Amino acid sequence: MDFKLVYSQIFIQLLLGLVSVIFAELVRDVYHLAGHYWKPLQSYHTLHHKAYRRDLSMTSLEMYKKAQWYNDVPEALVMVGSTALVAGLAQNYGMWLGCLYSLMFLIPAIARSQGLLLQTDLTHKPGDLVEIPSRWTVNRTYHWRHHFDQGNAYFCGYFTVVDKVLGTSLSLKGKVVAITGASGTLGQALIEELSLQGAKVVALTTTKDAQFKAGIEVLQWQLGAEADLMTRLKSVDILIVNHGVNVYGDRSPEAIQKSYEINTFSALKLAELFLSTVTESDHKAIKELWFNTSEAEVNPALSPLYELSKRTLGDLITLRRLDAPCIIRKLILGPFKSQLNPYGVMSARWVSWAIVALAKRDFRNIIVTINPITYIAFPIKEFFQSLYFRLFTSAHTQVK
C-alpha cells in the first residue's frame, strides 16, 4: 500500500471539507443579506430581530420560537441544500462535510423552534457583553452590533470575511465621532469623510477662530487641560486622537518637551479619559479609540523628535491594547501634504477616504502609505512587540 498516496488523499479530502464548510458559511451570510434586502424574506427576518431585547434576552419564548421556525430553520435548510447540491455535483466525499456542518445548525434550530436546546444559541446568549468585537470570527459582541448598533451591517454568521469585503464590519452611521487636531489638514479631511458616512462629528481644536463647515460641533480645548473634555467624551462613540507637532531638526530642551507633551503625553491622557468612559455593557461594542501614530513607528521621518515621540506613543498604545475595554485602532500614515509636512506626496482627502474604508473593514492597524516597506515592517514589529508585552507584563501588578 502506498501510504504517501493515502495520506495525500486524506489531506485533499480534509481540504475540500474545509472549503465546503466555508461555502456553507458563505451561503448563510448571503441568506442573511437577502433577509434584509429581498422583500419575500424581510418579514421573516424581522421576526428574528424582534425576538431579542437589548441585553439579548428573549422578548418572549413564543416570539423566539416563531423566529427560529421562520428564519433560522429556513436559513439552515438552504445551507444544507446548497452544500448537498455542490457535494453531489462534485461527487467527492470531502465536500459532504459542509452538509454535515450545516445539519449542526438545522437540527438545533428545529429544536429551538419547539422550545428545546435554548442554550445552544451562543451568539444570542443573554447577559452583559464581556469581550470587545472579535476580528475574524463572530462573537456575541460582534453580533450584538447587528441587532442594536446598525441592522444593515455586521451580517456575518461565523467568519467575518463577507463583512470585510462589503465594508460592513463597522457602521459609522449615527456615531458621535470626536477628532483632535480637527483644524489641521487631515482633521478637516476626516471631518468631511466621516460626515459623508453619516457620523455626527465633534471637532476638538486648540486653534482659536478655527473655521469649520456648518453643522459641525466645535469644542475648544487646551494642552494640559484634557480633563475638561471628560463630560463630552462620555457621549462620544469614537475618539480619533489626531493632533501632533513636528519640530523638524530642533533638538533643544524646549523642542524635546514640546514634542513629547503634544505627541505622546497629551494623547495618552485623552486615551485614558476616553477609556474610563467605557462603563456600560454596550460600550464594549460601540466605543472605539483611533490613534494617528504615523509610519514613523517603523520608518525615518527625517525629524528625530517626531519619530521618537510618535514611536513612544505607538509602543504604549500597543501595550495598552492588551487590556483595553474597547477597540483601539492605529493609523499608520505615510507622507501626506499638510501644515506639518508641506512636502507630502499623498492628498489628505485620499488618505482620509482610505482610513475610513479600511476601518469599515475592521482593520485594527490602518496603514496608508506609498512606502511598501511599511506594509511589511509594521505588522512584524507590532506582532512581536505585542507578544513581548504579553509575555513580560501583567494587567495587575502589586507595587510593594
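## Close-up views of a predicted model

**View 1. The largest nonpolar core, centred on Leu 194, Ile 240 and Ile 355.** The largest nonpolar core has 38 residues, and those with the most contacts inside it are Leu 194, Ile 240 and Ile 355; such a core is a set of buried Ala, Val, Leu, Ile, Met, Phe, Trp, Tyr and Cys residues joined through side-chain atoms within 4.5 Å. At least two residues of this core come from each of strand S1 (176-180), helix H7 (185-196), strand S2 (200-205), strand S4 (238-241), strand S6 (327-333), helix H12 (348-359) and strand S7 (365-368), and H12 gives the most, with six residues. Helices (H or I, at least four residues) and strands (E, at least two) are DSSP runs, numbered from the N terminus. This is a predicted model, in which local features need pLDDT of at least 70 and side-chain atom pairs count only at pLDDT 80 or more, while totals for chains, interfaces and linings use all residues. Residues are numbered from 1 along each chain as its sequence is written, and side-chain values use heavy atoms, with hydrogens and water left out.

**View 2. Surroundings of Leu 194.** Not counting residues up to four places away in sequence, Leu 194 touches Leu 172, Val 177, Ile 179, Ala 199, Val 201, Ile 240 and Val 356, where contact means heavy atoms within 4.5 Å. A second, separate core of 25 residues includes Leu 270, Phe 274, Leu 289 and Ile 317.

**View 3. Thr 293 in the loop between S5 and H11.** Thr 293 is buried, with a relative accessible area of 0%; buried means under 20% relative accessible area, exposed over 50%, and partly exposed in between (1.4 Å probe, protein chains only). Leaving aside residues up to four places away in sequence, Thr 293 touches Lys 310, Leu 313, Gly 314, Lys 330, Leu 331 and Ile 332.

**View 4. Positive phi at Leu 302 and Leu 117.** Most residues other than glycine have a negative phi. Leu 302, in the loop between strand S5 (288-292) and helix H11 (304-321), has a positive phi of about 55° and counts as exposed at 81% relative accessibility. Leu 117, in the loop between helix H4 (96-113) and helix H5 (140-148), has a phi near 50° and is partly exposed, with a relative accessible area of 46%.
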